[in-house]
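Here are my comments on the model, set out as numbered points. Please read them with the structure open.

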Amino acid sequence: MNDDEIISLAREVLKCEANSILATVDRLDANFAKAVNAILSHKGKLLVCGLGKSGLVAQKIAATLSSTGTPAVFLHACDAVHGDLGVYEPGDPTILISNSGATVECVRLIPILKKFKSTIIALIGNIDSPMGRASDIILDASSHGEADPLGIVPTNSTTLAMAMGDALACALMKARKFSKEDFAKFHPAGQLGRNLLLDVADVMTPACDCATVSKDDSVRKIVIEMTRKPLGAACAVSADGKLEGLVTDGDVRRMLQKTFDLDSMKCSDIMTKTPVCAGVDASLGQAVKLMEARKSKLSVLPVIDGNGVFKGLVRLHDIYQAQ
């Protein structure tokens, strides 16, 4: 295959999978709402079960649900009958995932799960199937073929099942009024959680450890201070502690392209007089937006209080550092 053929094939696969999802949009019916309400009405957890590729999809759906306010546990269809059914409590609903709707390991679970008074939600690709006929609620995930060259590899079917799981999770989030703050509680170690939970004051370098100068100081002094405290910038601060300007490494390099006389140039000649700043109580997420949602991204951000007093510097490195 030449490059054009490879790219053409990839585009066809993506179109085929996208079309499978779009075709499902019009097939969504009251069963979807019924599934959401069944999950919402239960105070306990939800079980998500599958085998093979459908099992991997089930793991992802369970993880997404758990992280968005719906306690969910993945149940392997084979392990279930070898002790893992002990995870059930009376009434725990179950989502069974199977493209064929005839996965033997899933089908044989249904009468057992009904003894646990579990509402069975079948996320299947064939509604006229053993699982379809035995389940309480059917979510139609019919993909009508796969996207691979042989038409047999789980591609459309798994993408569609995953998308249906996402739709369930989003509907449940909305119904539960799940907020960004709730999301942060479940993701304290991830960057999304850090951005929501932490303020710039939690990660910034305090003013006493930053390079600070007067706007009348020479560039030579700026370079010396930035070398002593290498944060990528120096802040011009007035006698009463207010921020008057910012000089970055880039400002110094651009100046040196024009002149080598470090004593003839003052801080006020090269500093940004009205730099973008973050309030001391701004969240990391707000700081990231200030630094990155712009044509020319910022690597450092001065932090000030409500009176304009310089409190410190926050760097992208500080925000994205590994935990």
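1. A residue is called exposed when its relative accessible area is over 50%, buried when that area is under 20%, and partly exposed in between. The model is a predicted one. Lys117 has a relative accessible area of 66%, so Lys117 is exposed. Lys117 sits in the loop that links α5 (110-115) to β4. Its backbone deserves a look: phi is positive, about 60°, and Lys117 is not a glycine. Most residues other than glycine have a negative phi.

2. His144 raises a similar point. Here phi is about 55°, again positive in a residue that is not a glycine. His144 lies in the loop between β5 and α7. Is His144 buried or exposed? Its relative accessibility is 70%, so His144 counts as exposed.

3. Now the five-stranded sheet. It is open, and its strands run in the order β2-β1-β3-β4-β5. The pairing is parallel. The edges are β2 (72-76) and β5 (137-140), each of which pairs on one side only. From one strand to the next, the twist averages 20°.

4. At one end of this order, β4 (residues 120-124) pairs with β5. Four bridges join the two strands, in the parallel sense. For a landmark, take Ala122: it stands opposite Ile138 of β5.

5. Which strands does α7 lie across? Helix α7 (residues 156-176) lies across β3 (94-98), β4 and β5. Its direction is at about 120° to β5.

6. Ser100 belongs to the loop between β3 and α4 (104-107). With 38% relative accessibility, Ser100 falls between the two cut-offs and so counts as partly exposed. Leaving aside residues up to four places away in sequence, Ser100 touches Asn126 and Ser129. Met131 is 31 residues from Ser100 along the chain, yet their C-alpha atoms are 8.8 Å apart.

7. There is also an open sheet of three strands, ordered β7-β8-β9. Its pairing is mixed. Why is one side of β7 (211-213) and of β9 (243-248) left without a neighbour in the sheet? Each stands at an edge and has a single partner strand, so its other side has no neighbour there. Ignoring direction, neighbouring strands of this sheet are turned by 30° against each other on average.

8. Within that sheet, β8 (residues 233-237) pairs with β9 in the antiparallel sense. Five bridges connect these strands. One residue to check is Ala233, whose bridge partner in β9 is Thr248. Helix α11 (residues 219-228) packs on the sheet and touches β7, β8 and β9. The direction of α11 makes about 160° with that of β7.

9. Last, the start of the chain. Met1 lies in the segment before α1 (3-25). At 67% relative accessibility, it is above the 50% cut-off and therefore counts as exposed. Which residues form a nonpolar patch on the surface with Met1? They are Ile6 and Leu9. Together, Met1, Ile6 and Leu9 have about 310 Å² of accessible area.

Notes: Residues are numbered from 1 along each chain as its sequence is written. This is a predicted model: local features need pLDDT of at least 70, side-chain atom pairs count only at pLDDT 80 or more; totals for chains, interfaces and linings use all residues. Side-chain values use heavy atoms; hydrogens and water are left out. Patches are made of residues with over 30% relative accessible area and no salt bridge: like charges are joined within 9 Å, nonpolar side chains (Val, Leu, Ile, Met, Phe, Trp, Tyr) within 5 Å. Accessible areas come from the Shrake-Rupley method with a 1.4 Å probe; for residues, only the protein chains shown count as cover. A salt bridge is a side-chain nitrogen of Lys or Arg within 4 Å of a carboxyl oxygen of Asp or Glu. Buried means under 20% relative accessible area, exposed over 50%, partly exposed in between (1.4 Å probe, protein chains only). Two strands pair if DSSP finds at least two bridges between them. Axes are lines fitted to C-alpha atoms, for helices over the stretch in contact, and angles run from 0 to 180 degrees between N-to-C directions. Contact means heavy atoms within 4.5 Å.
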